[in-house]
Amino acid sequence: MKSFLFALVSVLFLASTPALAGDVEAGKAKSAICASCHGPTGISMSPLWPNLAGQKEQYLIKQIKAFRDGTRQDPMMAPMVAALTDTDIENLAAYYSSQK
């Protein structure tokens, strides 16, 4: 019975965890424009811009989409993310979350 309950809880947990579908290499290729402020690996050289390296993938997706969709306002970020697709955002988030 314990084995069955453990298996059931494990399946339910995995089913409720969002899939991380971003492509790290595609995100790296897309990150060139981000690098001017956030650094080539997501470590900013200036205290004016946050580090993206090591942030949680789902957090980055949520924040970048919020900038793109206008629910989070920033005059510098808005034009940078305006043309990004959901796939672009997922790939960028995968890349930056993979960085140390």
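Is the crossing of helix 4 and helix 6 left-handed or right-handed? I looked and found it right-handed (clockwise turn of the near helix from the far one, by less than a right angle; anticlockwise would be left-handed).

Note to self: this is a predicted model, where local features need pLDDT of at least 70, side-chain atom pairs count only at pLDDT 80 or more, and totals for chains, interfaces and linings use all residues. Residues are numbered from 1 along each chain as its sequence is written, and side-chain values use heavy atoms, without hydrogens and water.

Helix 4, up close. I checked its length first: 13 residues (57-69) at 1.5 Å each should span 18 Å, and the end C-alpha atoms are 18 Å apart, so that agrees (expected span is 1.5 Å times one less than the number of residues; helices are DSSP runs of H or I, at least four residues, numbered from the N terminus). Right after helix 4, I saw G70 with a positive phi of about 85°.

Next I looked up what is buried (under 20% relative accessible area, 1.4 Å probe, protein chains only). In helix 4 the buried residues include L60, I61, I64 and F67. Among what covers the buried residues are helix 5 (77-81) and helix 6 (86-98).

Back to the pair. I got a packing angle of about 140° for helix 4 and helix 6, with axes 8 Å apart (lines fitted to C-alpha atoms over the stretch in contact, angles from 0 to 180 degrees between N-to-C directions). Residues that meet there include I61 and I64 from helix 4, and I89 and A93 from helix 6 (contact is heavy atoms within 4.5 Å).

Technical notes
Helix = DSSP H or I, 4+ residues; strand = E, 2+ residues; numbered from the N terminus. Buried < 20%, exposed > 50% of the residue type's maximum accessible area, 1.4 Å probe, protein only.
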